[in-house]
Amino acid sequence: MSKKKDELRQSDILDRLVNMTYLPRWGVLLIDLFLAFCAYSISYFISKHLFGYVPSPMVMPIWEQALVMLVVQLFCFWIFHTYSGILRYSTFIDTIKVTLSVLLACVVVLLGNVVLKNTMHIMMLNSLIVVYAFVCIVFLFVWRVVVKTSFEFMSHQGPRTEKVLIYGVQSAGLSIAKMLQSNMESQYRPVGFISDDKTKESHNLLGLSVYPLNDKLIDYMRRHEISHVIVSPLKMKQIDPLTDLSLFIDNGIKILTTPYFTDFNLEEEKQNQNDILRKVGAIESIKVEDLLERPVININTDNVSRILRDKVVLITGAAGSIGSEIVRQVSAFKPRLVLMADMAESPLHDLSMDMGSQFHEQQFARMIIDVRDKRMVESVFEEYHPNVVFHAAAYKHVPLMEEYPEQAVLANVLGTRNVADAAVHYGAERFVMISTDKAVNPTNVMGASKRVAEIYVQALSKVQQETENGSKTLFITTRFGNVLGSNGSVVPFFKKQIAAGGPVTVTHPDIIRYFMTIPEASQLVLEAATLGKGGEIFCFDMGRPVKIADLAKNMIRLAGYEPGKDVKIVYTGLRPGEKLYEELLNQKELTQPTPNEKIMVAKVRENDYNTISPLIDELIEDAQKGMVIPTVKMMKRIVPEYKSRNSIFEKLDK
């Protein structure tokens, strides 16, 4: 039995050696020591020939000198970690480290030689040490150059047929090229760079040509059978992917990208070699989310920390796409307690497990509550007294709410009123409501219900400010458009349709929408929470609108298909309550800038609380009774600009 275990262990060791993709550190160190020994031996013969050698009792035997030199050299290799990098990724920095390790070893031995001569009356040959320094540096340098060159030569051989151009000539693009040149396991072979910088169009980098970004580039790629472009992560942040990559997308060029990495020859404490090789192989096709993603935004983290640190923060709708991201971002500012409230049992459980693993020291409390139930809402406020409330709980699917307007009112209006009233009664410092661009000139029930909620929150804020006594909760409303990856987003819906072979359904060829990523929207919500003085509606810079038909075509192309041929696009007509384009501001509203250029304040019509509150009471009463037509009529009375479109409720506008 023991013999079989030994055989299995030996077989496992052999398999590891055969499948080894790089030389381990101990292997590099042993080879460096062997080369140092060879260098010392050759240096002995060189110094003996050049300077002569007269045996003397004071001179240590040559093998003792070699042993001392190798021990000191081993120590210097360890100091500079000359063995920690992957040899085929060696750079100029590695050469400097090797040189310094040899020179330091020689200096240490020369100084030690002086001590030995004066104290023990023995010595090593100084001339031998000087010659060794030169020979050893050459040996170690040549050894690394040979390995690096061999791998680069071999990387151009074999079955790798996918020739790629790399878009980006800065550090990230150069790193990608170096890795692909050195990694024989990669199926991609870099044959050039693409640059939109005219000063670099005629240059060569790493032995590869740099080509300008223009229409002639596609002809060149077709002639040389180049069907892939790798975009460096740095370049993705510098360009507008949706427009700057359209040249490749429209011509069937497959676009690839990589994870973030800059320097692959890092020290052991910074980067594990296995991680390096894993990243090299992590090249993947670009996703439509990458095309729609905008440059990283900057928020004032000091201000956010000021309102959240050591506070009790309540997030309603916490298990939703926006709510869960707000939970994550809020938790990073170390509040005293994060209250996660939602009706969805399984998503809330998953969120709490995820937060517990990400934020080990943060205190969380999860609770199943229905914001439509005033008693449940008040019990949460009475027990925890939250300082800051982010109200994200809402119904938001436009066609579904056209079918159930009474439910839209109960969730979006009654739910908001319950949470807002509790915030005032229990002295919350801030109440942040998550609204939507569909509340501007609403054409559907969902947008109108959110606008009614906005009106109530603003009226409550105004009457509270006019009251001399009592707490002063700051009410802040935030509006933004469609969020990538959120529940009900068009992107995952299109992905499923493309995976099934189509058709991809688009409601109208001219329909456009604004898009924002979930993290970006959540960050701006936090920033707006710090800017509010009470009663404002903050609108976010949503960038340029995107034509949904073009989005569908790009997604089909990115999946490797041709729109209309491989995967058809079918136009189904506008859905109930849907409009061709979303507005971020009412025509009667004005905007004012804020310290954050991506956030604006909308100056809206003010409503008197004592006038609007009875109307909202009547609206909620109609909804609770299930009276659909009276419910919609009352919404149109409260929101005069609400004009139904493509809906059975259009008759109420006549």
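In which sense, right-handed or left-handed, does helix 20 cross helix 22? In this predicted model, helix 20 passes helix 22 in a crossing that is right-handed. Helix 20 comprises residues 490-499 and helix 22 residues 548-558, and their axes come within 10 Å of one another, crossing at roughly 45°. Helix 20 is therefore oblique to helix 22. On the side of helix 20, the contact is made by Val490, Val491, Phe494, Lys495 and Ile498, which meet Ile548, Leu551, Ala552, Met555 and Ile556 of helix 22. Sorted by character, the residues of this contact comprise nine that are nonpolar and one that is charged, with no polar residue. A general property of helices bears on such spacings: an α-helix has 3.6 residues a turn, so residues three or four places apart point the same way.

Charged pairs were examined next. Side chains of opposite charge can pair when their charged atoms come close. The structure holds 15 salt bridges, among them one in which the side chains of Lys311 and Glu429 meet, with an N to O distance of 3.1 Å. Lys311 lies in the loop between helix 13 (301-308) and strand 8 (312-316), whereas Glu429 lies in the loop between helix 18 (405-425) and strand 12 (430-434), so that this pair ties together parts that are 118 residues apart in sequence. With a relative accessibility of 18%, Lys311 counts as buried, while Glu429, at 32%, counts as partly exposed.

Glu641 takes part in a salt bridge with Arg451, in which the N to O distance is 3.8 Å. Because Arg451 lies in helix 19 (residues 445-466) and Glu641 in the segment after helix 24 (628-638), the pair ties together parts that are 190 residues apart in sequence. Arg451 is buried, its relative accessible area being 1%, and Glu641 likewise counts as buried, at 15% relative accessibility. Glu641 also forms a salt bridge with Arg605, the closest N and O atoms of this pair being 2.9 Å apart. Arg605 lies in the loop between strand 22 (599-603) and helix 23 (609-624), so its pairing with Glu641, in the segment after helix 24, ties together parts that are 36 residues apart in sequence. Arg605 counts as partly exposed, with a relative accessibility of 37%. These residues belong to a network of salt bridges that links Arg451, Glu454, Arg479, Arg605 and Glu641.

Strand 22 also borders the loop that holds Asn596, which runs between strand 21 (590-593) and strand 22. Asn596 is buried, with a relative accessible area of 7%. The C-alpha atoms of Asn596 and Glu527 are 8.2 Å apart in space, although the two residues are separated by 69 residues in sequence.

Burial was finally considered for a whole helix. Helix 14 spans residues 321-331, and 10 of its 11 residues are buried, so this helix is largely enclosed by the rest of the structure. The buried residues of helix 14 are Ser321, Ile322, Gly323, Ser324, Glu325, Ile326, Val327, Gln329, Val330 and Ser331.

How values were computed: Residues are numbered from 1 along each chain as its sequence is written. This is a predicted model: local features need pLDDT of at least 70, side-chain atom pairs count only at pLDDT 80 or more; totals for chains, interfaces and linings use all residues. Side-chain values use heavy atoms; hydrogens and water are left out. Axes are lines fitted to C-alpha atoms, for helices over the stretch in contact, and angles run from 0 to 180 degrees between N-to-C directions. Helices (H or I, at least four residues) and strands (E, at least two) are DSSP runs, numbered from the N terminus. Angles under 35 degrees count as roughly parallel, over 145 as roughly antiparallel, 65 to 115 as roughly perpendicular and the rest as oblique. A crossing is left-handed if the near helix is turned anticlockwise from the far one by less than a right angle, and right-handed if clockwise. Contact means heavy atoms within 4.5 Å. Ala, Val, Leu, Ile, Met, Phe, Trp, Tyr, Cys and Pro count as nonpolar, Asp, Glu, Lys and Arg as charged, and the others, Gly among them, as polar. A salt bridge is a side-chain nitrogen of Lys or Arg within 4 Å of a carboxyl oxygen of Asp or Glu. Buried means under 20% relative accessible area, exposed over 50%, partly exposed in between (1.4 Å probe, protein chains only).
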